[in-house]
Amino acid sequence: MTDRPSAATFSAAACPDGETVRIAAAGEIDLATAPHLKAVVLAAIEQPIPPRDVRIDLAEVTFMDASGIGVLVSGREAARCR
């Protein structure tokens, strides 16, 4: 059995740049870390003046399960409703 890295190895941060917000994620996105990513995505979308564009950079993500895909889909739906 292999040890999986802890949730501490995951990070997600939003970097506003004009009308765009870039969310950089790194590490593993799974059931334990997906809520953190969802909180960052929703915080970026739910600004009083929402950004025109939200880009999620997954270049440093080493693993993503279905819960991560669910965050991406729910984030897109939340953005469409704004």
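The expected span of a helix is taken as 1.5 Å times one less than its number of residues. Heads-up: this is a predicted model, where local features need pLDDT of at least 70, side-chain atom pairs count only at pLDDT 80 or more, and totals for chains, interfaces and linings use all residues. Residues are numbered from 1 along each chain as its sequence is written, and side-chain values use heavy atoms, with hydrogens and water left out.

Q: How far does H1 reach from its first C-alpha to its last?
A: Helices (H or I, at least four residues) and strands (E, at least two) are DSSP runs, numbered from the N terminus. H1 has twelve residues, and the expectation at 1.5 Å a residue is 16 Å. The reach is close to that, at 16 Å.

Q: In what order do the three strands sit in the open sheet?
A: Two strands count as paired if DSSP finds at least two bridges between them. The pairing in this sheet is mixed: E1 and E2 run antiparallel, while E2 and E3 go in the parallel sense. E1 (11-17) and E3 (53-64) each have a single partner strand, so they stand at the edges. That goes with the order E1-E2-E3.

Q: Which residue is the bridge partner of Ile-23 in E3?
A: Strand E2 covers residues 20-29 and joins E3 over nine bridges. Another E2 residue, Arg-22, stands opposite Arg-55 in E3. For Ile-23, the partner is Ile-56.

Q: Which residue in the hairpin of E1 and E2 takes a positive phi?
A: Seven bridges join E1 to E2, and among the facing residues Cys-15 stands opposite Arg-22. Two residues lie between the strands of this hairpin. The one with a phi near 65° is Gly-18.

Q: At about what angle does H1 run to E2?
A: Axes are lines fitted to C-alpha atoms, for helices over the stretch in contact, and angles run from 0 to 180 degrees between N-to-C directions. H1 (residues 34-45) lies across E1, E2 and E3. Its angle to E2 is about 180°.

Q: Within what arc do the buried residues of H1 fall, seen down its axis?
A: Buried means under 20% relative accessible area, exposed over 50%, partly exposed in between (1.4 Å probe, protein chains only). The buried set in H1 is Ala-34, Leu-37, Val-40, Val-41, Ala-44 and Ile-45, and what covers them includes E1, E2, E3 and H2. They line one face of the helix, because the directions from the helix axis to the C-beta atoms fall within an arc of 130°.

Q: Which element gives the largest share of the largest nonpolar core?
A: Such a core is a set of buried Ala, Val, Leu, Ile, Met, Phe, Trp, Tyr and Cys residues joined through side-chain atoms within 4.5 Å. This one has 14 residues, and Ile-23, Leu-37 and Val-41 are among those that touch the most other members. E2 and H1 are the elements that give two or more residues. The largest share, six residues, comes from H1.

Q: Is Arg-76 buried or exposed?
A: Arg-76 lies in helix H2, which covers residues 66-80 and packs on the sheet, touching E2 and E3 (contact means heavy atoms within 4.5 Å). The relative accessible area of Arg-76 is 52%, which makes this residue exposed.
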